[in-house]
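Please open the structure in your viewer and keep the selection tool at hand. The tour begins with the whole chain and then proceeds to selected side chains.

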Amino acid sequence: MSQNIYDSIPFFKSYSKYPRMEKGLAGASEWPLLETMLPSSLVSKTVLDLGCGDGWFSRWALDQGAKAVCAMDVSRNMLSRARALSPPDRYSAITFRQVDIEVLDGPGGLDPEEEAYDVAFSGLALHYLVNLEAALRQVFRSLRPGGLFVFSVEHPIFTAPQRPGFSKKTGAASQDWPLSSYFAEGEREVDWLGAPVRKQHRTISRLVVLDPDHGFPLPITCDGLCANISVVLKVLEDTPYRGVRSCCCG
């Protein structure tokens, strides 16, 4: 089971002061890029939101004309906040489900025999998963032909160091971020808001050229030029898969 730090009352209280929690989309620095990766129209589409947090993307998708949104998160606190911010008279087409996205094939997770989506989205959640490939396989099976999976994760330069943190040389005007252990993939534990948080470090190459067993071909878009890395995966219209348009990564 995934670590569920957001249901720690002290942690959640501190995290609630973050700009993305107070301002929603306007407080998420990666959102302008992610928005360009999403379909130009969500009208009548069914959408999956993995690691939905307080539901900011789910509400946006419905405001853009989506037919229905399934929003999943492991945190009871996050889901309570999401429901409070999503009045049923406006957002009744959002279904919030408490699900550990580490085990999407488990109880309450994704059932490709019963549900299918046009667009899947995940904002800064997948770098917590130990078995990312298993989650991608289940997402792939749940997307309709031509469907997109757009996700962002914390940039590998930030997850790489065993002891992350900025440093500043005497007399220097700016701080440095020492990069170490980049090619040593695996679990990292960092102190965040006074609590130990476990993350999974993967190189950019690992994120761009993932295990093909998950079903997706190579990403059609990958942008690693900001604090996070954002990726678009597409289920091609035809079978077997013939390839993708392009991949661009910083």
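Begin with the cartoon view of the whole protein, in which nine helices and nine strands make up the secondary structure. Please bear in mind that this is a predicted model. The protein has 250 residues, and 49% of them count as buried.

Next, display the molecular surface. The protein exposes about 12,400 Å², of which carbon and sulfur atoms supply 52%. Contacts are the next topic: among those between residues at least 6 apart in sequence, 65% join residues at least 24 apart.

**The aromatic rings**

Now show the side chains of the aromatic residues. How many aromatic pairs does a search of the whole structure find? The search finds 18. To describe such a pair of rings, one gives the distance of the centres and the angle of the planes.

Select tyrosine 6 and tyrosine 15. Their rings form an edge-to-face pair, with 5.2 Å from centre to centre and 75° between the planes. Tyrosine 6 and tyrosine 15 are both buried.

Keep tyrosine 15 selected and add tryptophan 192. These two residues also form an aromatic pair that is edge-to-face, at 5.7 Å centre to centre and with 80° between the planes. Which parts of the chain does the pair link? Tyrosine 15 lies in helix α1 (residues 9-15), whereas tryptophan 192 lies in strand β6 (residues 186-192), so the pair links distant parts of the chain, 177 residues apart. Both tyrosine 15 and tryptophan 192 are buried.

Extend the selection to Phe11 and Tyr18. Together with Tyr6, Tyr15 and Trp192, these residues belong to a cluster linked by ring pairs.

Remain at tryptophan 192 and add lysine 199. The charged end of lysine 199 sits over the ring of tryptophan 192, at 5.5 Å from the centre of that ring.

**The cysteines**

Finally, turn to the sulfur atoms. A disulfide is a covalent bond that joins the sulfur atoms of two cysteines. How many disulfides does the structure hold? The number is zero.

Select cysteine 52 and cysteine 70. Cysteine 52 is in no disulfide, and its nearest cysteine sulfur, that of cysteine 70, is 8.7 Å away. For a disulfide, the two sulfur atoms would have to lie within 2.5 Å. Likewise, cysteine 70 is in no disulfide, and the cysteine sulfur nearest to it is that of cysteine 52.

Are these two residues buried or exposed? Cysteine 52 has a relative accessible area of 3% and is therefore buried. Cysteine 70, with a relative accessible area of 5%, is buried as well.

Methods
Residues are numbered from 1 along each chain as its sequence is written. This is a predicted model: local features need pLDDT of at least 70, side-chain atom pairs count only at pLDDT 80 or more; totals for chains, interfaces and linings use all residues. Side-chain values use heavy atoms; hydrogens and water are left out. Helices (H or I, at least four residues) and strands (E, at least two) are DSSP runs, numbered from the N terminus. Buried means under 20% relative accessible area, exposed over 50%, partly exposed in between (1.4 Å probe, protein chains only). Contact means heavy atoms within 4.5 Å. Accessible areas come from the Shrake-Rupley method with a 1.4 Å probe; for residues, only the protein chains shown count as cover. Rings of Phe, Tyr and Trp (its six-membered ring) pair if their centres lie within 6.5 Å; planes under 30 degrees apart count as stacked, over 60 as edge-to-face and the rest as tilted. A charge sits over a ring if NZ of Lys or CZ of Arg is within 6 Å of the ring centre and within 35 degrees of the ring normal.
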